[in-house]
Amino acid sequence: MFDITTRDIKYLPGVGPQKAAILNKELEIYSLHDLLYYFPYKYVDRSRVYYVHEIDGNMPYIQLKGQILSFETFGEGRQRRLVAHFSDGTGVVDLVWFQGIKYIAGKYKAHEEYIVFGKPTVYGGRINIAHPDIDNASELTLSSMGLQPYYNTTEKMKRSFLNSTAMQKLVEAAFLQLQSPLPETLTAAIISKHHLMSLTDALKNIHFPKNPELLRKAQMRLKFEELFYIQLNILRYSKDRQQKYRGYIFEHIGKAFNEFYTKNLPFELTGAQKRVVKEIRNDVGCGKQMNRLLQGDVGSGKTLVALMSMLIAIDNGYQACLMAPTEILANQHTETIKELLFGLNIHVELLTGSVKGKKREKLLSDLITGNINILIGTHAVIEDNVAFSKLGLVVIDEQHRFGVAQRAKLWQKSIYPPHVLVMTATPIPRTLAMTLYGDLDVSVIDELPPGRKPIATMHQFDNRRESLYLSIGKQIAEGRQVYIVYPLIKESEKIDLKNLEEGFLHICEAFPQYKVSKLHGKMKAVEKDAEMQRFVSGETQIMVATTVIEVGVNVPNASVMVIENAERFGLSQLHQLRGRVGRGADQSYCILVTNYKLSEDTRKRLEIMVRTNDGFEIAEADLKLRGPGDLEGTQQSGIAFDLKIADLARDGQLLQYVRNIAQEIVDNDPLGVSLDNELLWKQLKSLRKTNINWASIS
Ligand code: ADP
Ligand code: MG
């Protein structure tokens, strides 16, 4: 027997050193245990194959087995679609693609046996399945399986033949290696009292559920466990932590802050900004370590609050660090802040992955000697060799993009943990945030700077491109700039990138008199910056991009945001994207482009976007709309705090439930010594060891 927590993944049949290296790098899967905890992101019911003559347009997702008789293309340009006539001998359905046409036409062949999976609809009197999943019939094991798991994989993995099906096979192999049940991680008392599945059954059913009911029970058990230990950790240790770590005291406001305020501040602060700065001043002056979440809708002016907080740190002899989730954003913050601090004697530097060689050496030595007052950067600032002289304040922008572990690493760059301000435009219900973080305080900027015109949002079908381009052209002629954004999801990165490239060419053709920028995540950081810079400076008028521009980017002259395939974005993401415009005094527009066929859910999402600009209202609607999970739905991007399976948006009730259980245990056994709970305390200790963040953030 071996211990699955430590058994190296490379020894699993079908893996080997090469694939192991990829699994390590791409998914952080090192052991069999890690693999078993890599959960599918969706399931599809593949227990039954339908005949073509049985299906109609009202059915949910179904699968068929048969052959493509022939391909046909219709339409021109963006209207183009590829149709494959598919038959199993009982009738014909049309498989339809609006995107990635070349790729699809090259990949699938007529007269081969395929399993087709998708949602039938009736269009023009014929049954259509748009963008179906297609597998070679010979490769798919239909047989006994109920719900088939789908695993997220990356392009790199796919290139090494580690696609979702391959991941599924590996998980199957891992279960074959288990000779006995896994050691339990919850006590028998808890399991029986709350009617939970055993750990082994839960893991088996999370990967290979025989039916939706068993899947639900497996999810329940694993979510329960995940949230329970987070709560147990917070409740058992947060008092300890508060006593152990006192905060640095920033007693006074000095030259840096005052000079900035009187000489450089380009506008009057909004009432909300003033209030929040005051709250922060109180926090950092009182001897407690600040751990504050700053929520403010896109465009509400969080950067300025961050800067003023950093100036307070500098006035008290400390350094400050601002961490942003992307290079583009880190760059932009640096420029904005340098400009705001112009003429003041404050040394600001930027550290990203592209700062290398001599320049990096110099920067690192200036940092440790205290020559640098403010360090702005990406993940690069948490690397081990980055050391500060006296780090007093850490600001983390767009925090929902960062893992808790990364935040904890920043804490460890100082003798005492520095004060922490995390900023986000994604409203997190206060109760959820507090239960998850323990003693986190929350500030809200609930007021936009004056003079902003609300962004006008419209929904347009993609067959009305001409009028869309006309209005875009008008805006550009008036000197404005335009974003056009394409979705990028993991499942089909290749097709998505192709869409972007095609869209780019198409836009270049449609607007020959203007210059067009292109931006996506696969570009090198320097290229991205150069392209962004061209847009910021006004050299290019149109920016065609993927969601890399979603977070924080600020180009006040841009007044139109066109979102292609808007149906593929979640509400929060649409709102973030929309927030890229409406930053200047001019009227701005957001145009959501979709094709004609929309699900009920999508229609509602788009309606909400058209109706309101209020981020909090949108977040609430988002929570409601998502509901308790549909089987087909891919996991929505949204608020995720390093949780593997629980979802704060959906599992608020469960969170409260397990918190009460944990509270009772801590009340009865505050020192963690009762033998009844031995298993729980042992498990908590081991979690605190593997999650460094658990020990510091609670
Ligand atoms: P976010 O909260 O989304 O990070 P930013 O900090 O990027 O917003 O601010 C958005 C824009 O509003 C910036 O161009 C900034 O200069 C401007 N701004 C911030 N505060 C004010 C204010 N009090 N009055 C006028 N404009 C402001
Ligand atoms: Mg911002």
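**Entry 1: strands 21 and 22.** I looked up valine 562 and found that its bridge partner in strand 22 is isoleucine 591. I note here that this is a predicted model. I then checked the two strands as a pair: strand 21 covers residues 558–563, strand 22 covers residues 589–594, and 4 bridges join them. The two run parallel. As background, strands of a sheet pair through backbone hydrogen bonds, either parallel or antiparallel.

**Entry 2: the sheet around them.** I wrote down the strand order of this open sheet as 17-22-21-18-20-19, which makes 6 strands with parallel pairing. At the edges I found strand 17 (456–461) and strand 19, each pairing on one side only. From one strand to the next, I have an average twist of 20°.

**Entry 3: strands 19 and 20.** I moved to strand 19, residues 516–519, and found it joined by 4 bridges to strand 20, residues 542–545. This pair also runs parallel. I looked for the residue opposite serine 517 and found methionine 543 in strand 20. I also traced the connection: strand 19, helix 18 and strand 20 form a β-α-β unit, and the unit is right-handed.

**Entry 4: the sheet of 7 strands.** I noted an open sheet with parallel pairing whose order is 12-13-11-14-15-10-16. Its edges are strand 12 (348–351) and strand 16 (441–445); each has a single partner strand, so one side of each has no neighbour in the sheet. Direction ignored, I have neighbouring strands turned against each other by 20° on average. I checked the partner of strand 16: strand 10, residues 291–296, is joined to strand 16 by 5 bridges, and the two run parallel. Within that pair, I found glycine 296 opposite isoleucine 445 of strand 16.

**Entry 5: the second largest pocket.** I turned to the second largest pocket and noted a volume of about 1200 Å³. Its lining has 41 residues, and those nearest the centre are Phe267, Thr336, Asn554, Pro556 and Arg583. I listed the elements that give two or more residues to this lining: helix 11 (302–315), helix 12 (327–340) and helix 18 (525–536). Helix 12 gives the largest share, 9 residues.

I sorted the lining residues of this pocket by kind and have 14 nonpolar, 17 polar and 10 charged. Which domains each supply at least three residues to the lining? I found domain 2 (255–445) and domain 3 (456–612). Helix 18, noted above in the β-α-β unit with strands 19 and 20, is thus one I have met twice, as it also appears among the lining elements of this pocket.

Notes. Residues numbered from 1 in each chain as written. Chains lettered and ligands numbered in written order. Predicted model: local features only at pLDDT ≥ 70, side-chain atom pairs only at ≥ 80, totals over all residues. Heavy atoms only, no water. 1 Å grid on protein atoms, 1.4 Å probe; cavity = no way out; pocket = protein on both sides within 12 Å on 5 of 7 lines; lining within 4 Å. Points joined across faces, edges and corners; volume = space filled by probe spheres on them. Nonpolar A, V, L, I, M, F, W, Y, C, P; charged D, E, K, R; others polar. Domains from an automatic or database assignment. Pairing = 2+ DSSP bridges. Right-handed = clockwise from strand over helix to strand, strands pointing away. Axes fitted to C-alpha atoms, helices over the stretch in contact; angles between N-to-C directions.
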